[in-house]
Amino acid sequence: MAAPSAMTAALRSLFGLAPAPDASRESLRVDFLLPDGSSVPLHRVRDRRARRLRLTVSERGVRLSVPWRVSERVAHAFVHDHAGWIAAQWQRFRDTRVAVAWQFGAVDALPLGSESLPVEWMEGRSARIERVDGPSTTWPQGGARLQFHASRAASAATLRRALLEFYGAEARAAIHRWLPAYLPDLPRPPREFRVRALSSLWGSLAPDGTVSLDLSLVLGPPSAFEYVLVHELCHLIHANHSAAFWREVEARSPGWREERTFLRSDGGLGLKAQLRALTKA
């Protein structure tokens, strides 16, 4: 935990201003001091839509969501009580900032669907990945694995692009496998699906009906991925998080609480870190 005087000074600067009476959202930013003397950006967002105090950590820093009627004293104490957690989470993000040094044969396993699948490297003219099972001449032991076809001279950018294309194809295949079960009860179908790396969100629904989903979901439990899909589809019925909305989610995903807990845990946030380490230069 940071030294009391340093941390208190940072918190005072964060909580020293009261929001304007007629505002609906107000945010401040400070550098939150960590035990090792470094700092992390901490953004305090006071929002009339927030229902509880919540801390989240991403590569951009720490975000504190504060319900409008929660006092500055309570918010200050909440951050102080979670200072150790903030430091641990930020350290984890720093540890995963080192990108994989991609070259032919450099990676022997890749995450997919909560598994770590071995990689069988195959020389080829174009870079691509496919999931296979059973023995081959270069893999006589058989078993599920990923065949990574590429030239030995392929650049790191080429290999990363092939991985992104593979993960994107796997994610879209899962979406279209699950979607038919939910379409009949929706007032309208989604306009389209976009799967890409999202910095903090797991999914969103645009006003035009476009559903965006975080690409890192394909690395984790399929049940968590499907829950996020259901969550966004239910926003086609209720564009809010009302009790009626959650009843719709419950009807389609009875285990949604467990999936949401996972996504908010270190395991869920770790999926985003894994994807960054694998795909960032």
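**Helix pair H5/H6 and strand S8**

Modeller: In this predicted model, the axes of helix H5 (residues 222-234) and helix H6 (residues 243-252) come within 9 Å and cross at roughly 140°.

Colleague: What does that make H5 relative to H6?

Modeller: Oblique. Angles over 145 degrees would count as roughly antiparallel, so a crossing at roughly 140° stays in the oblique class.

Colleague: Right-handed or left-handed crossing?

Modeller: Right-handed, as H5 passes H6.

Colleague: Which residues make the contact?

Modeller: From H5, Tyr 227, Val 230, His 231 and Cys 234. H6 brings Phe 245, Trp 246, Glu 248, Val 249 and Arg 252.

Colleague: And by class, how many of each?

Modeller: The H5 contact with H6 has 6 nonpolar residues, 1 polar and 2 charged.

Colleague: New topic. Strand S8, residues 145-150: buried or exposed?

Modeller: Mostly covered. Of its 6 residues, 6 are buried.

Colleague: Which way do the side chains point?

Modeller: Arg 145, Gln 147 and His 149 point one way from S8. Leu 146, Phe 148 and Ala 150 point the other way.

Colleague: Why the split?

Modeller: Because side chains in a regular strand alternate between the two faces of the sheet.

Colleague: In what sense does S8 pair with strand S6, parallel or antiparallel?

Modeller: Parallel, over 5 bridges, with S6 covering residues 115-123. Trp 121 has Phe 148 of S8 as its bridge partner.

Colleague: And with S7, parallel or antiparallel?

Modeller: Antiparallel. S7 (residues 128-132) and S8 pair over 5 bridges.

Colleague: Which residue stands opposite His 149 there?

Modeller: Arg 128. His 149 is also one of the buried residues of S8.

How values were computed. Residues numbered from 1 in each chain as written. Predicted model: local features only at pLDDT ≥ 70, side-chain atom pairs only at ≥ 80, totals over all residues. Heavy atoms only, no water. Buried < 20%, exposed > 50% of the residue type's maximum accessible area, 1.4 Å probe, protein only. Helix = DSSP H or I, 4+ residues; strand = E, 2+ residues; numbered from the N terminus. Pairing = 2+ DSSP bridges. Axes fitted to C-alpha atoms, helices over the stretch in contact; angles between N-to-C directions. Parallel < 35°, antiparallel > 145°, perpendicular 65-115°, else oblique. Left-handed = near helix turned anticlockwise from the far one by under 90°. Contact = heavy atoms within 4.5 Å. Nonpolar A, V, L, I, M, F, W, Y, C, P; charged D, E, K, R; others polar.
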